[in-house]
Amino acid sequence: MMNITPEQIKALIEADIADAQVSVSGDGRHFEATVISPAFAGLSRVKQHQLVYASLGQRMATEEIHALSITTQLPGAAHG
């Protein structure tokens with residue numbers, strides 16, 4: 001089984017979430033993603049994270065992505 005790359009995770013999220021700005025880092029099994037998108041407007045933090053997980057589909061159910069830490073925010077929102 002091939003390990004997924006941060007670039008592949010970034011592409012999957014960008015393809016599924018409207019106008020997303022995505023950055024992903026990781027070591028091949030553990031990843032950190034920051035996703036900024038207007039699609040998060042009105043959604044709770046849990047729903048925002050579910051949207052990101054859904055964009056990765058089966059890759060989260062298999063061992064392809066072992067761990068993913070997600071930070072989500074709206075465009076123009078101050079982080080912190």
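In this predicted model, I65 is placed in the loop that runs between α3 (58-61) and β3. I65 is buried, because its relative accessible area is 2%, and buried residues are those under 20%. Leaving aside neighbours within four places in sequence, the residues in contact with I65 are I4, I9, R29, F31, L56, R59 and M60. I65 and E7 stand 58 residues apart along the chain, and their C-alpha atoms are separated by 13 Å.

**The nonpolar core**

I65 also belongs to the largest nonpolar core, which has 16 residues. The members that touch the most other members are I9, I13, F31, V35, V52, I65 and L68. At least two residues of this core come from each of α1 (6-16), β1 (21-26), β2 (30-36), α2 (45-56) and β3 (67-73). Among these elements, β2 gives the most, with three residues.

I9 is another of these members with the most touching partners. With neighbours within four places in sequence left aside, I9 is in contact with I4, V24, F31, L56 and I65.

**How α1 and α2 pack**

Two packed helices are described by the angle between their axes and the distance between the axes. For α1 and α2, the axes come within 8 Å and cross at roughly 110 degrees. The two helices are therefore roughly perpendicular to each other. The crossing in which α1 passes α2 is right-handed.

Which residues of α1 and α2 meet? From α1 they are I9, L12, I13 and D16, and from α2 they are V52, A54, S55 and L56. The residues of this contact divide into six nonpolar, one polar and one charged. I9 thus appears here in the contact with α2, while I9 is also in contact with I65.

**The loop between α1 and β1**

D19 lies in the loop between α1 and β1. Most residues other than glycine have a negative phi. D19 has a positive phi of about 50 degrees, although it is not a glycine. Is D19 buried or exposed? D19 is exposed, because its relative accessible area is 64%, and the term applies over 50%.

The table sets out the two loop residues described above.

| Residue | Loop | Relative accessible area |
|---|---|---|
| I65 | between α3 and β3 | 2%, buried |
| D19 | between α1 and β1 | 64%, exposed |

Methods. Residues numbered from 1 in each chain as written. Predicted model: local features only at pLDDT ≥ 70, side-chain atom pairs only at ≥ 80, totals over all residues. Heavy atoms only, no water. Core = buried A, V, L, I, M, F, W, Y, C linked by side-chain atoms within 4.5 Å. Buried < 20%, exposed > 50% of the residue type's maximum accessible area, 1.4 Å probe, protein only. Helix = DSSP H or I, 4+ residues; strand = E, 2+ residues; numbered from the N terminus. Contact = heavy atoms within 4.5 Å. Axes fitted to C-alpha atoms, helices over the stretch in contact; angles between N-to-C directions. Parallel < 35°, antiparallel > 145°, perpendicular 65-115°, else oblique. Left-handed = near helix turned anticlockwise from the far one by under 90°. Nonpolar A, V, L, I, M, F, W, Y, C, P; charged D, E, K, R; others polar.
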